[in-house]
Amino acid sequence: MFDKNKKLIFSGIQPSGTFTLGNYLGAVINWNKLQDDYNCVYCVVDMHAITVKQEPAKLRQNTLEAYALLLACGIDINRSVLFIQSHVKTHAELSWVLSCSTQYGELGRMTQFKDKSLKHADDINAGLYTYPVLMAADILVYNADLVPVGIDQKQHLELARNVAQRFNGRYGETFIVPEPYIGEVGSKVMSLQNPESKMSKSDDNVNAYVLVIDDKDTIIRKFKRAVTDSDTEIVYKEGKDGINNLMTIYSAVTGDSFDKITADFSGKGYGDFKLAVGEAVADKLSPIREEYLKIIADKDYLKKCYTEGAEQALRLSQRVVNKVYRKVGFVDKV
Ligand code: TYM
C-alpha cells in the first residue's frame with residue numbers, strides 16, 4: 001500500500017469523543033492534506049486516554065466516535081493506515097524499551113504533566129508521568145519522518161527526538177529523528193470564552209469550544225457569544241486575543257489572509273464578523289457532520305476499517321520492534 005519513495009507521517013489523537021475545531025484546524029486538516037504526498041499512519045490513542053480517569057463504557061464509545069470522525073474528516077483507509085492504539089501491541093513494547101532511554105528529570109519538565117498533575121491532583125499516576133515515552137514509541141515504532149501536530153505537542157515531540165538520538169547514540173543508528181509539522185494558521189486555536197487559553201473539550205463551559213459535529217445553529221450561537229475586546233476594528237493586533245483568534249479561525253477555514261479579512265470587514269462591526277466566522281465554520285463542518293452520522297451508524301463498516309488498520313500497523317511496526325529488541329540484546333525468539 002505504501003510507496004517506498006515517500007516519507008512517513010505519524011500522528012495521533014486522544015479519544016475524548018468527537019473532537020473540537022481546535023483539533024481539526026491544528027492537526028486533522030493537515031493529516032488529510034498530507035495523504036497526497038506521504039505514507040500516513042494515524043491513530044486514536046486510547047492508551048494515552050487512561051492516564052486520567054475514564055469510565056470504561058464511555059471510553060469505548062468515545063474511541064469509536066473519534067475513529068468514525070477521522071474517517072468523516074477525509075482520512076482515507078485506501079491510502080493511509082488508521083487504527084486504534086490498543087489494538088497494536090508494538091507501541092507498548094517499544095515504550096518500555098524507550099523508557100530505559102528516557103531520563104526521570106526530562107519527563108518532570110513536561111508542561112502537560114505539570115498542568116495535568118494540578119488538574120488531577122488525586123491521581124498523579126505513573127502513566128501520566130511516562131505519557132511522553134508512549135508518545136515517542138507511537139512515532140518511533142514506524143520510523144516516522146514527520147509528525148503533524150498543534151503547537152501544544154511541540155515539547156513532547158522534542159522529547160521524542162531526544163530519546164531517538166539517545167537510543168541511536170547508545171545502540172547505533174536505529175530510529176529516524178522525527179520532525180514536527182506545524183501548520184501556519186490554526187496551530188493554536190484558543191477558547192471562545194477565554195482567548196488566552198487553548199480551546200479544549202475538557203473546558204467546563206460548552207460555549208468555549210466548537211465540536212466538529214456541532215450543528216449550524218449551535219456553531220453560530222457559540223461564535224456570536226465569543227468574548228472579544230471593546231475595540232471595533234477587525235484587525236490582527238497584539239492585545240486583541242479574541243479577535244486574533246476569530247481571524248485565525250476564519251483564515252484557516254476560508255484561506256483568506258488577515259489583510260484581506262481586515263479589508264473585507266472594514267466599516268463592519270464585531271457582530272457582523274462573529275456571524276461571518278460562525279457561518280464559514282458551519283459551512284466547512286456540515287459535510288463532515290453528515291458523513292460522520294452515516295459512518296457511526298454502520299458498526300460493521302467501522303469494525304472492518306479499524307481491524308484492517310490494526311493489521312497493517314502491526315506489520316509495519318513489528319519490524320522496528322524486532323530490530324530494537326536485537327539491538328538492546330534480547331535473545332531472538334525462534
Ligand atoms: P490531543 O488529542 O490533545 O490533540 C490532537 C491534536 O490536536 C491538536 N490540538 C490543537 N491544535 C490547535 N488548537 C487547539 N486548541 C488544539 N487542541 C489540540 C494537538 O496539538 C494534536 O496535534 N499527545 C497527543 C496525542 C498523541 C500523539 C502521539 C500525537 C499521542 N501519541 C504521537 C502525535 C504523535 C494529544 O494528546 O493530542
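Let me start with the lining of the largest cavity, which is made up of M110, Q112, F113, K116, L128, Y131, P132 and H156. Please keep in mind throughout that what we are looking at is a predicted model. The volume of this largest cavity is about 50 Å³, and when we count cavities of 30 Å³ or more, we arrive at one. If you look for the helices around the largest cavity, you will find that α6, residues 111-119, and α7 each contribute at least two residues to its lining. Sorted by class, that lining consists of five nonpolar residues, two polar ones and one charged one.

Now, Y131 takes us from the cavity to the ligand, so to speak, and here I would ask: which residues are closest to the ligand? Among the 26 residues that surround the ligand, the closest are Q14, Y131, D138, D152 and V189. For Y131, a polar atom of the side chain sits 2.6 Å from a nitrogen atom of the ligand. In the case of Q14, a polar atom of the backbone is 2.8 Å from an oxygen atom of the ligand, while for Q153 an N or O atom in the side chain is 3.1 Å from a nitrogen atom of the ligand. Taken alone, the ligand would expose 710 Å², and the protein buries 96% of that. The elements giving two or more residues to the shell around the ligand are β1 (8-13), α1 (21-34) and α7 (126-140). By class, this shell holds eleven nonpolar residues, eleven polar residues and four charged residues.

Let me turn next to the second largest pocket, which has about 560 Å³ of space. Its lining comprises 19 residues, and those lying nearest the centre of the pocket are F2, K4, L8, L316 and R319. Which helix gives the most to this lining? That is α13, residues 299-328, which supplies six residues. In terms of class, the lining of the second largest pocket is divided into seven nonpolar, four polar and eight charged residues.

Finally, a single residue, C73, which you can find in the loop between α3 (56-72) and β3 (81-84). Is C73 buried or exposed? C73 counts as buried because its relative accessibility is 4%, and the cut-off for buried is under 20%. To place C73 relative to the cavity I began with, compare it with Q112, one of the lining residues there: C73 and Q112 are 39 residues apart in sequence, and their C-alpha atoms are 27 Å apart in space.

Definitions and conventions. Residues numbered from 1 in each chain as written. Predicted model: local features only at pLDDT ≥ 70, side-chain atom pairs only at ≥ 80, totals over all residues. Heavy atoms only, no water. Near = heavy atom within 4 Å. Polar contact = N/O pair within 3.5 Å; in protein donor to acceptor, adjacent residues only side chain to side chain. Areas by Shrake-Rupley, 256 points an atom, 1.4 Å probe, with all protein chains shown as cover. Helix = DSSP H or I, 4+ residues; strand = E, 2+ residues; numbered from the N terminus. Nonpolar A, V, L, I, M, F, W, Y, C, P; charged D, E, K, R; others polar. 1 Å grid on protein atoms, 1.4 Å probe; cavity = no way out; pocket = protein on both sides within 12 Å on 5 of 7 lines; lining within 4 Å. Points joined across faces, edges and corners; volume = space filled by probe spheres on them. Buried < 20%, exposed > 50% of the residue type's maximum accessible area, 1.4 Å probe, protein only.
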